[in-house]
Amino acid sequence: MQVHLSMLDPSDPRKPSAIPLVLTVDASQHPTVLDDFGDFVHTVRPGTGAASA
């Protein structure tokens with residue numbers, strides 16, 4: 001499953017970005033992890049430019 005998020009650069013809105021998020025699992029695992037993947041997708045936000053640890 002793939003989700004592509006479209007985001008704008010806050011410092012220059014003329015610079016859009018497409019962020020691909022990909023879930024790769026066996027077909028038998030799909031129903032088990034689908035809700036977790038959806039929850040993860042909803043947490044993705046633009047960063048501050050600082051590297052995360």
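## A β-β-α chain at a glance

A hairpin joins β1 to β2 through two residues; strands (E, at least two residues) and helices (H or I, at least four) are DSSP runs, numbered from the N terminus. This is a predicted model, so read it with its filters in mind: local features need pLDDT of at least 70, side-chain atom pairs count only at pLDDT 80 or more, and totals for chains, interfaces and linings use all residues. Residues are numbered from 1 along each chain as its sequence is written, and side-chain values use heavy atoms, with hydrogens and water left out.

**Overall layout**

- The chain has one helix and two strands, and reading along the sequence gives the pattern β-β-α.
- Of its 53 residues, 15% count as buried, where buried means under 20% relative accessible area, exposed means over 50%, and partly exposed is in between (1.4 Å probe, protein chains only).
- About 4,500 Å² of the chain is exposed, and carbon and sulfur atoms supply 57% of that; the areas come from the Shrake-Rupley method with a 1.4 Å probe, and for residues only the protein chains shown count as cover.
- Among contacts with a separation of 6 or more, 25% come from residues 24 or more positions apart; a contact here means heavy atoms within 4.5 Å.

**The strand pair**

- β1 and β2 run antiparallel and are joined by eight bridges; two strands pair if DSSP finds at least two bridges between them.
- Going residue by residue, L5 has I19 in β2 as its bridge partner, while S6 stands opposite A18 in β2.
- S17 sits in strand β2 (residues 12-22) and is partly exposed, with a relative accessible area of 37%.
- Not counting residues up to four places away in sequence, S17 touches L5, S6 and M7.
- S17 and M7 are ten residues apart along the chain, and their C-alpha atoms are separated by 5.3 Å.

**The loop at P10**

- P10 lies in the loop between β1 and β2, and it counts as exposed at 69% relative accessibility.
- Here's a long-range pairing to look at: P10 and P46 are 36 residues apart in sequence, yet 8.6 Å apart in space, C-alpha to C-alpha.

**The nonpolar core**

- The largest nonpolar core has seven residues in all: L5, M7, L21, L23, F37, V41 and V44.
- The elements giving two or more residues to this core are β1 (2-9) and α1 (30-41).
- A nonpolar core, for the record, is a set of buried Ala, Val, Leu, Ile, Met, Phe, Trp, Tyr and Cys residues joined through side-chain atoms within 4.5 Å.
- As background, nonpolar side chains tend to be buried together in soluble globular proteins.
- V41, one of the core residues, is in contact with V3, L5 and L21, leaving aside its neighbours within four places in sequence.

**The salt bridge**

- The structure holds one salt bridge, meaning a side-chain nitrogen of Lys or Arg within 4 Å of a carboxyl oxygen of Asp or Glu.
- R14 forms it with D12, and their closest N and O atoms are 3.0 Å apart.
- R14 is exposed, with a relative accessible area of 71%, whereas D12 is buried, at 15%.
- In general, side chains of opposite charge can pair when their charged atoms come close.
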